[in-house]
Amino acid sequence: MSIRVYDLAHARAGDKGNTSNISVTAYNDEAWQVLHRELTADRVLAHFQHLGAGPIRRYELPQLRALNFVLENALGGGVTRSLAIDPHGKSLSALMLTIELPGHNQPPA
């Protein structure tokens, strides 16, 4: 059984136009090590591809034990153009938390 990002971190999302910005902050140092290694831009892109998102850039903030992902084309054209119920992309942070990370059976203590 894999663990999810949810087991290791919390997340927040913001938006600007058609771009979503999702930060993932680890609960502790051990969780940070797993996230830093396993939560890649490619893994996030695969998880969000059904939205047409991409490209995706990952920024590392090790002093905060955080990763910041910038997802272009993730909001259906942006707040004023999208027909999505959540045009601002706030629920995308919840979607980020559902990503499964391989090779880990339980969350770090």
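At 16% relative accessibility, Glu 38 counts as buried. The model is predicted. Glu 38 pairs with Arg 43 in a salt bridge, and the closest N and O atoms lie 3.4 Å apart. Arg 43 is partly exposed, at 26% relative accessibility. The two partners therefore fall on opposite sides of the 20% cut-off for burial.

A second pair is Glu 72 and Arg 57. Their closest N and O atoms are 2.4 Å apart, and the contact counts as a salt bridge. This pair links distant parts of the chain. Glu 72 sits in the loop between E5 and H3, whereas Arg 57 belongs to strand E4, residues 56-61. The separation along the chain is 15 residues. Glu 72 is partly exposed, with a relative accessible area of 25%. Arg 57 is partly exposed too, at 34%. Elsewhere, salt bridges with shared partners join Arg 37, Glu 38 and Arg 43 into one network.

Arg 4 and Asp 7 form a further salt bridge, with an N to O distance of 3.9 Å. Arg 4 has a relative accessible area of 34% and is partly exposed. Asp 7 is partly exposed at 26%. In total, the model holds six salt bridges.

The region around Arg 4 and Asp 7 also involves Thr 98. This residue lies in the loop between H3 and strand E6, residues 100-101. Thr 98 is partly exposed, with a relative accessible area of 37%. Beyond residues up to four places away in sequence, Thr 98 touches Arg 4 and His 47. The C-alpha atoms of Thr 98 and Asp 7 are separated by 9.2 Å. Along the chain, these two residues are 91 residues apart.

The interior was examined next. The largest nonpolar core contains 28 residues. Within this core, Leu 35 and Leu 39 have the most contacts. Six elements each supply at least two of the core residues: strands E2 (9-16), E3 (19-26) and E5 (66-71), and helices H1 (29-38), H2 (41-48) and H3 (92-97). Helix H1 gives the largest share, four residues. In soluble globular proteins, nonpolar side chains tend to be buried together.

The surroundings of Leu 39 can be listed in detail. Neighbours within four places in sequence are left aside here. Leu 39 is then in contact with Val 5, Val 24, Val 34 and Val 44. Leu 67, Leu 101, Ile 99, Phe 69 and Met 96 are also among its contacts. Arg 58 completes the list.

Two backbone features stand out for inspection. The peptide bond from Gly 54 to Pro 55 is cis, with omega near 0°. Pro 55 is placed in the loop between H2 and E4. The second feature concerns Arg 65. Its phi is positive, at about 55°, although Arg 65 is not a glycine. Arg 65 lies in the loop between E4 and E5. With 26% relative accessibility, Arg 65 counts as partly exposed.

Definitions and conventions:
Residues numbered from 1 in each chain as written. Predicted model: local features only at pLDDT ≥ 70, side-chain atom pairs only at ≥ 80, totals over all residues. Heavy atoms only, no water. Core = buried A, V, L, I, M, F, W, Y, C linked by side-chain atoms within 4.5 Å. Buried < 20%, exposed > 50% of the residue type's maximum accessible area, 1.4 Å probe, protein only. Contact = heavy atoms within 4.5 Å. Salt bridge = Lys/Arg side-chain N within 4 Å of Asp/Glu carboxyl O.
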